[in-house]
Amino acid sequence: MDKNNNRRWHARAILQVGNNPQTRPTTLARTCSPQKPCYTLNCPFTQYGSDPNTICLTMHNMTTDPAHVDQELIADSTKVTIKHLLSLTVVGPMEHESGYEAINYLNMAFPRSDQPILNNPKLAREQLPCSDYILEGSEIKRQKCYHNIVAEYNDIVEFFIVNFDSDQHPIHLHGSFFHVLDQGFALLNKTTGLFLANNPDVECDEDDMKCVCNNCKTTTKLVKDTTIVPSGGYLRIRFRANNPGLWMLHCHTEPHLDRGMALMIHVAEDRLVPAPHSTGSQTKIHNQLWLFLSTLLLLAVLRQHI
Ligand SMILES: [Cu+2]
């Protein structure tokens, strides 16, 4: 169910290993009862509609093997060097422009260049810069730009991701696992399971661009690379920027990613591996050879017509 109480967040599957039709399971969904409830893992809400016999399991019901939990990273006393609010926003369509999913109203775009951005991360930033959000009348200015965050090697990065959109957004980070500090949900009517209000711990200004979390505490010890930011709720994550590279953080609902709900994290630009020299020079030789052959062909055609 989404924030508008549409019953569309429902899918069931039977997982099968291998592809032998003979082994296709004939299992039917069992009846859920108070004595023998069913469990749904990874719920983006705290209860399963009005069905009391199906119990939602969220991040708060899971743990990661303590051997993989970085206690120092998630401690309250840890000095966080980069902290950002990421608001998952949807920008509505205008007269001649379609709407798009965004992070902080920014519509992610990549610069056109014959150089991969990995070889020239600064150029990417300069070609399509994003500015802080700008109001045009009562609307936030639409920006199609290279949305990015720059981190030094070993920075500790924390994102407070709020989602007051009616869609759920599974956020995925490339290049590093992150620790989930907390996940917050919308308030639901306990009987009907219908949406009542956004998470009351989060206070935002009108545009959701300045949000604070009043009662957010580190309540989970989970290591993940994809986690749902619940509709009407939030997610707090933290990670060490110790894997040099240009990494994308994005919604893993592909149409949302396509339409711009993504940003790039530049980790330790000074430690990126330089491009092999041969790549550039080989391309140059190929281009010159191609130009030479094209000229010959053109001359031959011209001679026939003179
Ligand atoms: Cu999404």
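Modeller: Helices (H or I, at least four residues) and strands (E, at least two) are DSSP runs, numbered from the N terminus. By that count the protein has four helices and 21 strands. This is a predicted model, where local features need pLDDT of at least 70, side-chain atom pairs count only at pLDDT 80 or more, and totals for chains, interfaces and linings use all residues. Residues are numbered from 1 along each chain as its sequence is written.

Colleague: Thanks! What makes β9 an edge strand?

Modeller: Two strands pair if DSSP finds at least two bridges between them. β9 and β21 (residues 262–267) have four bridges, in the parallel sense, so they count as paired. Within that pair, Asn 148 stands opposite Met 264. The open sheet of five strands runs β9-β21-β20-β11-β18, with mixed pairing. β9 (148–151) pairs on one side only, as does β18 (226–229), and these are the edge strands.

Colleague: How do you know that the protein is not a compact globule in its radius of gyration?

Modeller: The radius is taken over C-alpha atoms, and the globule rule is 2.2 Å times the number of residues to the power 0.38. For 306 residues that gives a value near 19 Å, but the protein has 25 Å. Its C-alpha atoms fill a box of roughly 90 × 55 × 50 Å along the principal axes.

Colleague: And what makes a residue buried?

Modeller: Buried means 20 or more other C-beta atoms within 10 Å of its own, exposed means 12 or fewer, and partly exposed is in between, with C-beta atoms placed from the backbone. Buried residues make up 27% of the 306 here.
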